[in-house]
Amino acid sequence: MTTKVLRAAACHASPIFLSASKTTQKATTLIQKATSNKANLVIFPETYISAFPIWSAIRAPTENHDLFKRMVDQSIYIDGPEIDTLRTTAQKCNTMISIGISEKARCSSATLWNSNVFIGSNGDILNHHRKLQPTFFEKLTWSAGDGYGLKVVDTEFGKIGGLICGENTNPLARFALMAQGEQIHISTWPAVWPTRVLQADNITGKARNYDNVAANRTRAAAHCFEAKCFGIINAAFLDEQAIDIVAQGASNEASVRQTLQLSQRAATMFLDPTGMLMPGFTVDADGKKQETEYLQDREDILYADLDVTECVEGKQYHDVVGGYQRLDIFDLKVDRSRREPARFTEGRRDEEGEP
């Protein structure tokens, strides 16, 4: 087992909403800042490049065609210039990067996936995961992914895996990562998750919105406890620019704006291998550390030092992929093939029609 301690840097940050190039530039700046503070791994939230389509939760689908077109235009290819920039930055800064993207398909003008890319410190793409199933209103934007990215990356600091938002509710997806010896689990989330229209006079009543801080922490903590791994909960930050873009043009513009302003902000935090909150720290402009339990209402980078040797003790009690499992009773099969819309063959065929 590695004896190297990983310094993780979780960027609690907003994208430059619906601008892939500007968001990539912002990500590069944050990576450089984090590595100047000795980070070995820099993490970004769900679909950080270049937006989370929150409009689908609070605007009618018939009003969202222009926003969907912008989303398609500002989504990126896995082999596009934005990923190339991040790969170059990872190599120059000698750091690993985990980043959420809205991914375009080469096979279609409008197929998108909610994806996460893990880049090694040498600039190689070590894992490319597409969210298995878009959640709730996300189905209006993203297609279902596949099992190709259900992989744990074996690094010099330990085995690192991750799931996107609601996937952390899927016990089979989580078990697939546990079964590969996962020691550090990254879960990524949007800045807000409105499920009801909110007004100032009903925010504490029956129309109270989904408590995504509690829900996100509960899911991530359960995984850490079961896997005996560290948890990195990385959520985005919602800024006024995003609220303006989402609200403008809606028939219920005032209601959309108010709902976004009143919705609870998600939090970025670290968890230990028992599922308990693990305080991190921020670093100010003078290089001074400030212990911080979580980030929620401001943009910043939250750091923590993770030593995977601490993942061993709990395995004595519940090793759910080993001594605390009944492999003679349960059998999980995971298909990690990448799905393509068609397979094309070229060449002549014989008399029986075979190539």
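**Helix 1 and backbone features of the surrounding loops**

Asn 94 is placed in the loop that runs between helix 4 and strand 3 of this predicted model. Although Asn 94 is not a glycine, its phi is positive, at about 55°. The residue counts as exposed because its relative accessible area is 55%, where exposed denotes a value over 50%.

A second residue with a positive phi is found just after helix 1, where Lys 38 takes a value of about 70°; Lys 38, too, is not a glycine. It lies in the loop between helix 1 and strand 2, and with a relative accessible area of 66% Lys 38 is likewise exposed.

Helix 1 itself comprises 17 residues, from 20 to 36, and at 1.5 Å a residue it should therefore span 24 Å, a figure with which the 24 Å separation of its end C-alpha atoms agrees. The buried residues of this helix are Ala 20, Thr 23, Thr 24, Ala 27, Thr 28, Leu 30, Ile 31, Ala 34 and Thr 35. Among the elements that cover these buried residues are strand 1 (6-12), strand 2 (41-43), strand 3 (96-104) and strand 14 (300-306), together with helix 4 (81-93). Strand 2, which contributes to this cover, also borders the loop that holds Lys 38, whereas helix 4 and strand 3, which contribute as well, flank the loop that holds Asn 94.

A further backbone feature occurs in the loop between strand 2 and helix 2 (55-58), where Ser 50 is found: the peptide bond leading from Ile 49 to Ser 50 is cis, with omega near 0°.

Methods. Residues numbered from 1 in each chain as written. Predicted model: local features only at pLDDT ≥ 70, side-chain atom pairs only at ≥ 80, totals over all residues. Heavy atoms only, no water. Helix = DSSP H or I, 4+ residues; strand = E, 2+ residues; numbered from the N terminus. Expected span 1.5 Å × (residues − 1). Buried < 20%, exposed > 50% of the residue type's maximum accessible area, 1.4 Å probe, protein only. Contact = heavy atoms within 4.5 Å.
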